[in-house]
Amino acid sequence: MPVAAPHEPTPGRPFFAPIENPLERFEQECKANLMELSLTSNPDESAQQLAAILSTLPDGEMFVQDHPSLRSLVQAASVSREIRWSTQGRPREVAQATVTLAEALVAQTGSIFVSAACGGRGASVVAPCHIVFATTDQLVPDLKTALDNATRNGILANNSFACMISGSSRTADIEKILVQGAHGPIRLAVILERS
Amino acid sequence: MSAPATRVPPAEGASAHDHPQSANPETQFRHDAAVKSADLVHREIIRKNMESYDVGHMKGRSRFLDWEAAREACQAIKREAINHLDKYLLQFEENVTARGGHVFWAANSEEARKYIADLAVKHAVKTVVKSKSMVTEEIELSAALEKVGCTVWETDLGEYIVQLRHEPPYHIVTPAMHLNRTQIAELFRDKLGEPDLPEDPQKLVAAARRKLRKAFFAAEMGISGANFLVADVGAVAISTNEGNGRLTTSLPRIHVAVTGIEKVIPRLENLATLWPVLATSGTGQPVTTYGTLVGGARRAGEVDGPEEFHVVLVDNGRSSLLGHPEEREVLHCIRCGACLNICPVYRHIGGHTYGTTYPGPIGAVLTPHLRGRQFEHLSYATSLCGACTTVCPVKIDLHHHLLHNRRDFMKAGHGKTGERLQFRLWRAAMLNPKLYAMGGWLTRKGLRAIYGLGLSGSPFDPLRAWNRKRSTLPVARQSFREQWRKGLGNGR
Amino acid sequence: MPRKVSLFVPCFVDQLLPEVAVDTVTVLRRIGWEVEFREAQTCCGQPAFNTGYWDDARPCAERFVRVFEGAEVIVCPSGSCTTMLRNFYPELLKESPMRSEALAMGQRTYELSEFLVKVAGVIDVGAVFPHTVTYHAACHGLRELHLQQEPLALLRAVQGLKLVEMARHEECCGFGGTFATKFADISSAMGQSKAENVVASGAEYVTAIDPSCLMHVQGMLEKNKFAAKAIHLASILASQGAGA
């Protein structure tokens, strides 16, 4: 396969095509990233989605970021599992799922941008299923916007940790075959409620 | 620096990296290159892996409106960072220490190892989890930690596999590229105590997850590398896919990030360009699954996180490259592995043969500067084809640096006496057309005689190095100039 | 203005592969260009330069510039030697009093296919070569001179010639100058892969604009007893019938 010869770059030309419809792009990228995206119109639908996802998981406790919107979401979903809130401490090894908010969503790469404020570091990596609850007003078109915002809002001044997450954990270290679910979550689900 | 000893044929998969005392690096290299380049099974494994990479990589590039503009932008970012390295490193340090983090400047491997080992002892560390870091290979950290009583777990799947095999990593991005699922299954059945493990990659990954998960939760110290050091926010940026880097930097009490000093970049926004370019060049992905940013230990009010955060800045010869205006850009490398993947030499000898932490074109350029003249031969073990230069995402002129390395070695008088003499004679002939023509005529006559006697490839054949490996070089009866004189010049 | 070129014959072509230069002359004359050959020329200095002996390469380069003084157009049937003159003389002769002449000379030096297409403006040189041919994109020509479309255009215009693509046609054949003997194992392993790709393409001939590469690939083809042969572009273009 020939590697195309370097061509002359066009000065001032952006590297990426502008993103006309961020929501559409976000949906496409989530699909490519093998993330589970559900678009909901109101809190009831979001709660239903959460319940649906949880019903597919084995029994066991879940870890939830302690935030009013997640308190009401979890209540509305009539969750019967044991819940460990982030205010009680870090997620435990046995957790089957974690539920967190996000700082932002990025359409360009289908990413969730989280910080330590979103339930801590372990919340987005320790359990086999990570569920993110977000609203469409959190969606930004590209990485540049997300990082510019992060700088402006002092995300790293106020948090010791942040992470741009673009899918569930994976590896291709064996014969370059893509395997979903390495050391981090095997599933990443996003409940995206229209704001 | 160890004294050169007798040559030791390496065990399967091992190289001078494993046996630093065993042989002169060039001798070991030549031996391993001869073995590997004749190994057609190996050639096929690499070919298949690289073909898979090529497809993904080209697809990744097609996501860019203007890939060349992106390369130029990355080059500009790294150039700014490296040309003002002191300023940005100090800014990074300031920002990290202001929030309670520790920054240690290690002049060399020994200082880095000592700092980290002392830290482990101080905190009674028994278990260490490591995510991928070529610098920790470079400074040979694991052995130093084991010496003070730690069990060190490589958690990147590829690194874990080669650790179990007591091998160095084969490739800077895909450490176990040279192995197939059968070999990995056998290895896991043996080492993980799961005798019924099938060859299915998914099951193999799950087995590694089960085993390493215990280590993640037990470890007192997590050691990571750094892809970038973001100066304006004082954060270490780590690009991973597996989640092992995440767990390593979240669960243990102490997080140590080990990094070369050249990883610094000026601003957080630079990652909007570097993250996609690194991922595209490294694996063909739009971005890696996790783009982690760590600015310090857990802050008051945060749910979890390490209690201590240390960044070890390793020099180990890098600042000497800084002082070299022509070679400085070699420090722009973002360790994506693209040059390894395209290199036809790498594809035929594989990663272990180089006997260095960094193989492939970047390794050949860099290693003599980091580890000295014992590795000069690497600048010669290349056809200077230039493919590496075409794919480098930060536009390092790799193949011309190899040429410059050669020039510098000869200028420093490192050329073998016999060869220097040969080129003196060659020069005398080339400066004198009559001498050149006579020399050419005599040589051809001599070669035709030797080959006529069937002595091609024998010790009597001055071109035996050529003829040993190929059919006998054809030797023309008449040179072009003789034909020109004899009438071609007149249009006949 | 008389249509005349000054021929730059690489030293190893002169001594080992003279037919490449002879065929170059044939082609140039056929399209109506006069050819001069300055017998004072020897070697452009590339072997010493590539091996790192720049102090030995420099006087050869300076002499070479002097030999071609006044030549309006210089043509060379080798991508690597043309690269030496155009891309590397400026660096090698950076401190030399001959630097500006060397720069100017580089601008007037063309690899053969480059000359035919860009200077002479011809693609069809009246060649006949009814065989299946595959093109090896030799490294210097490809990456230093940015040539590939030119040789391919010339090949497509050859009567009877069937052009087939081989796998990894842009991958280095493994010659690499002194690399071929210093690291003969690696060099020949790379050559082996190239030879196998030639055969897999189904071509009877592999061609390129670099005679050194072809010499190496031919050596590998023959060693394997493959039927395919290596042939320089000039020889195809000079051909006016079956076989070469």
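This is a short talk on the packing, ring pairs and chain contacts in the structure above.

Okay, some ground rules. It's a predicted model, so local features need pLDDT of at least 70 and side-chain atom pairs count only at pLDDT 80 or more, while totals for chains, interfaces and linings use all residues. Residues are numbered from 1 along each chain as its sequence is written, chains are lettered from A and ligands numbered from 1 in the order in which they are written, and side-chain values use heavy atoms, with hydrogens and water left out.

On confidence: the predictor gives the complex an ipTM of 0.95 and a pTM of 0.93. For chain C, the mean pLDDT (the predictor's confidence in each residue, from 0 to 100) is 96, and 98% of its residues reach 70 or more.

Let's start inside. A nonpolar core here is a set of buried Ala, Val, Leu, Ile, Met, Phe, Trp, Tyr and Cys residues joined through side-chain atoms within 4.5 Å. Buried means under 20% relative accessible area, exposed means over 50%, and partly exposed is in between, with a 1.4 Å probe and protein chains only. The largest core has 232 residues, and those with the most contacts inside it include B:Met221, B:Leu271, B:Phe480 and C:Tyr89. Its largest share, eight residues, comes from helix α3 of chain B, residues 67–83. Helices, by the way, are DSSP runs of H or I with at least four residues, strands are E runs of at least two, and both are numbered from the N terminus. Apart from that core lies another, of 29 residues, with A:Val179 and B:Leu197 among them.

What does B:Leu271 touch? Leaving out residues up to four places away in sequence, B:Leu271 contacts A:Leu147 from chain A, plus B:Phe228, B:Val230, B:Ala237, B:Ile265, B:Pro276 and B:Leu293. Contact means heavy atoms within 4.5 Å.

Now rings. Phe, Tyr and Trp rings (for Trp, the six-membered one) pair if their centres lie within 6.5 Å; planes under 30 degrees apart are stacked, over 60 edge-to-face, and the rest tilted. That gives 25 aromatic pairs over all chains. Take B:Phe480 and B:Trp484: the centres are 5.8 Å apart and the planes at 35°, so this pair is tilted. They sit about one helical turn apart, because they are four residues apart in helix α22 of chain B. Both are buried. Ring pairs also link B:Phe29, B:Tyr170, B:Tyr346, B:Tyr354, C:Phe179 and C:Phe183 into a cluster.

A charge sits over a ring if NZ of Lys or CZ of Arg is within 6 Å of the ring centre and within 35 degrees of the ring normal. A:Arg71 does that over A:Trp85, at 3.9 Å from the centre, and B:Arg407 does it across chains, 4.9 Å from the ring centre of C:Trp54.

On to chains A and B. Here 83 residues of chain B contact 67 of chain A. Between them they bury about 6,200 Å², 60% of it on carbon and sulfur atoms; buried area is the accessible area (1.4 Å probe) that two parts lose on being put together, summed over both.

Last, two loop residues in chain A. A:Thr136, between β7 and β8, is buried at 19% relative accessible area. A:Glu82, between α3 and β3, is exposed at 56%, and A:Glu82 touches A:Glu61 and A:Met62, again not counting residues up to four places away in sequence.
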